[in-house]
Structures are given as C-alpha cells and as structure tokens.
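User: Hi! Could you walk me through this model? I have a few quick things to ask.

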Amino acid sequence: RQDNRQSFFQEWQQGYSVALNKQKHNDIVIWHLEAYGGLMPIWAAVEILDFGKISRLYRGFEESLATRIANEFGSGSYFLKSAVSSLNDLRNHVAHQSRIWNFQYPISPTTRIKKLPPELLHLHALTDRAVHKLAARLSLLLWFDREDRLRINFTRRLFQVLNQLPASTSISLTSMGHSIHFQDSSLWKDFRPSNGI
C-alpha cells in the first residue's frame, strides 16, 4: 500500500503477538518456543486465539484458501466469512452477558439466495430486520452442527432450551426473528415447540 497504514495482516500479526505474549506460560506456547523458536502451526496457534482473532484471520485469507475451507462446509467463502463474523458478534454478546433474545445485531450473514447453502435458504425469506436477530445466528450454529460436527449435541440441547422457555406474549419465535416458514429448513424440521412459543 502507498500510505503508512498497516496492512490487514500486519494488524492481525500484532494482535497475535499480544495474544502469544499473554499466553507465554501456556504449555503449548512454551513447547513451540523451545522446539521451534516460537513458530506455531495453525492447529496450535488457534488454541491461544479468541474467536474474534480467528474470525479476522479467516476474513484475511487469500480467496483460494478461504474457498477451500468454505468448501469443507458446503458453502462459498463469501457466505462463510459473513457467517463467522455474525457468530463472533453473538459470541461477544454472550461473553459480556448482554441481552441476546430480541437484540438487533449489527453484523448479519448474507442472505443473497445465490450465496446461501441449501440448508439455510430459509434465511432469504427473512425481512432485513429479522436477519439481524437471534434466529439467523441459531440457524448458523445448527448448520455448523450438522451431523454433530461440533461434538456437543448442540441441536438437541438448543431445542430442549427453547422448549423450556415460559409461554408468554413477550417470548415468541418471531420475536427472535423466525419467519413462519422456518421449519421448511432441514435444520429446524425436528423442532416442535411444546410451550406455545
């Protein structure tokens, strides 16, 4: 670049160096410092990174690498970058114990129909307001958890939590951003609300 501003990667590297320094007593960091002079393969480096740094790292990848990773999830890089950014936004709200149910999140996944994986086509039917709510993010998590990829039974546990919510006019699936067609998605087809929400 012609100006004095740092490149995206240089900025990310500075953040990585700070994270590495904070974790200098971590066994993984100590071992790589001693054995490899501090050079860490990506599988080890992600152990010391927060989700925000991982999200920014993926967004900064060259398109060929970002596409290869996205293909592993059955999507394109454009969509996956927006999905990861959206989940980082949700993670920050959860970490800071902020309101999540009917909050309007500033960062949202793309809903352009040509960019959406088949299981998430229901997001295209959401209004602009609804796509900024919790339901779109829960759909992303369900999508990542297909075939229990997360190994935490997330889908089953989410449906259990939703069914434990009290019946109330203030708590509804539409208040968290669901359209009436959300069960058209294979991700939500097994959810049967038993509490009137």
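User: Which helices each supply at least two residues of the lining of the largest pocket?

Analyst: Those are H4, H6 and H7. Helices are DSSP runs of H or I with at least four residues, numbered from the N terminus. A pocket is an open set of points on a 1 Å grid over the protein atoms alone, where a 1.4 Å probe fits, with protein on both sides within 12 Å along at least five of seven lines, and lining residues have an atom within 4 Å of a point. Bear in mind that this is a predicted model, where local features need pLDDT of at least 70, side-chain atom pairs count only at pLDDT 80 or more, and totals for chains, interfaces and linings use all residues. Residues are numbered from 1 along each chain as its sequence is written, and side-chain values use heavy atoms, leaving out hydrogens and water.

User: Thanks! How much space lies in the largest pocket, and which residues are closest to its centre?

Analyst: About 480 Å³, taken as the space filled by probe spheres set on the grid points. The lining has 16 residues, and Phe51, Ile54, Phe73, Val84 and Phe144 are the closest to the centre.

User: Which helix gives the largest share of the lining, and what is the split by class?

Analyst: H4 does, with 4 residues. The lining has 15 nonpolar, no polar and 1 charged residues. Here Ala, Val, Leu, Ile, Met, Phe, Trp, Tyr, Cys and Pro count as nonpolar, Asp, Glu, Lys and Arg as charged, and the others, Gly among them, as polar.

User: Lys53 sits in H4 too. Is Lys53 buried or exposed?

Analyst: Lys53 is buried, because its relative accessible area is 17% and buried means under 20%, with exposed over 50% and partly exposed in between (1.4 Å probe, protein chains only). Beyond its neighbours within four places in sequence, Lys53 is in contact (heavy atoms within 4.5 Å) with Trp12, Gly15, Tyr16 and Ala19.

User: Switching topic: at what angle do the axes of H5 and H6 cross?

Analyst: Roughly 80°, and the axes come within 8 Å. H5 and H6 are therefore roughly perpendicular to each other, a label for angles of 65 to 115 degrees. Glu63, Ala66, Thr67, Ile69 and Ala70 in H5 meet Ser77, Leu80 and Lys81 in H6. That contact divides into 4 nonpolar, 2 polar and 2 charged residues.

User: Last one: where does Gln97 lie?

Analyst: Gln97 is in the loop between H6 and H7. Gln97 has a positive phi of about 55° although it is not a glycine, and counts as exposed at 73% relative accessibility.

Note on methods:
Axes fitted to C-alpha atoms, helices over the stretch in contact; angles between N-to-C directions. Parallel < 35°, antiparallel > 145°, perpendicular 65-115°, else oblique.
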